[in-house]
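Reader: Hi! I would enjoy a close look at one part of this model, with the side-chain contacts taken one at a time. Could you walk me through it?

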Amino acid sequence: MRQMGITTHIGCPMRCKFCPQDVLIEAYKKRGGDKYMSFEAFKTCIDKLPHPTEVSFSGLAEAWLKPDCTKMLLYAFGLGHRITVYTTLVGMTMVDLSPLKHIPFHHFAIHLPDEEGYSKIPITDEYKTVLIEAMKIIPNHSLMSMGTVHHKILPLLNREVLSGEKSMHSRAGNIPFLKTVKKNGMIECLSSGLKLDHNILLPNGDVLLCCMDFRMAYILGNLLECDYEDLFKGEIFEKIQAGLIDGEVLCRYCCASTERKKNEG
């Protein structure tokens, strides 16, 4: 299923070690546009998405650090879109959380603080209250950590099982201190195949190729100005497709791409 990830704002203040925010901030500054996504801009863009589309509140920053995030989620759900969430819960309040208990999320992943300090999640009393309530009212949630779950969080989990510790990766070469392996030959995306329709919406309406494009190298178009179908007709999209066959493209450095045989088309 096609997917649109929502980046509700630019410049996540948490600065987790595995998230190249400085790269994104610099690229967005050059492009220009509002730092925060307005509800009006969100509505205009989401109204253009075909059905079915999965709307994912994850993007390139913690979504709930934008106050209108819950309002946006409820609007997308009201249009009949499947909803997925990947969140640290930072910025979310009990007021935000309450209406979410009625949403049949396709997936609701909660990223927990770790002892190693890879994530920069402030463990406040409000955070712990929201975490406990989220685990209670969202039935199909999952828990994950980039390292060892923080000792202040373990007593709150009530024997819940983590989906597993996740290893950090270089975000397709955007984090220099992490190893990047280049893939050769014909490749495709493990998430979207050759359709390349798992994209990212930014506050200014720009749509990026995917959640690895922190440098904004592949802007498919702007949903405030074009139709959804136009995103996959332009010169940039054709360049990406050609790069998957034989050429230099971001996907060659991505952990979510795979080599494919020539007879697969």
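**Charged side chains and aromatic rings**

Author: Happy to. Let us start with Lys-128, which is partly exposed, with a relative accessible area of 24%. Keep in mind throughout that this is a predicted model. The side chain of Lys-128 meets that of Asp-125 in a salt bridge, 3.9 Å from N to O. That value lies inside the rule used here, because a salt bridge needs a side-chain nitrogen of Lys or Arg within 4 Å of a carboxyl oxygen of Asp or Glu. Both residues belong to helix α5, which covers residues 125-137, and they are 3 residues apart, about one turn of the helix. Asp-125 is exposed, at 62% relative accessibility, whereas Lys-128 is partly exposed.

By the same rule, the structure has 8 salt bridges, and two others are worth a visit. One of them joins Lys-182 to Glu-248, with 3.2 Å between the closest N and O atoms. Here the pair links distant parts of the chain, 66 residues apart. Lys-182 sits in the loop between β5 (141-144) and β6 (187-189), while Glu-248 sits in the loop between α6 (235-246) and β10 (257-259). Lys-182 has a relative accessible area of 39%, so it counts as partly exposed.

The other is formed by Lys-66 and Asp-68, whose closest N and O atoms are 3.3 Å apart. Lys-66 counts as buried because its relative accessibility is 8%, and the cut-off for buried is under 20%. Its partner Asp-68, at 26%, counts as partly exposed.

Now to the rings. The structure holds 7 aromatic pairs. One of them brings together Phe-57 and Trp-64, with 6.4 Å from centre to centre and 45° between the planes, a tilted arrangement. The label follows from the angle, because planes under 30 degrees apart count as stacked and those over 60 as edge-to-face, with the rest called tilted. Phe-57 is buried, with a relative accessible area of 0%, and Trp-64 is buried too, at 2%.

These two rings also belong to a wider group: ring pairs link Phe-39, Phe-42, Phe-57, Trp-64 and Tyr-75 into a cluster. A charge joins the picture at Phe-39, where the charged end of Lys-71 sits over the ring, 4.3 Å from its centre. For your own viewing, Phe-39 is therefore a handy place to see both kinds of contact, as a member of the ring cluster and as the ring under the charged end of Lys-71.

How values were computed. Residues numbered from 1 in each chain as written. Predicted model: local features only at pLDDT ≥ 70, side-chain atom pairs only at ≥ 80, totals over all residues. Heavy atoms only, no water. Phe/Tyr/Trp six-rings, centres within 6.5 Å; stacked < 30°, edge-to-face > 60°. Buried < 20%, exposed > 50% of the residue type's maximum accessible area, 1.4 Å probe, protein only. Lys NZ or Arg CZ within 6 Å of the ring centre and 35° of its normal. Helix = DSSP H or I, 4+ residues; strand = E, 2+ residues; numbered from the N terminus.
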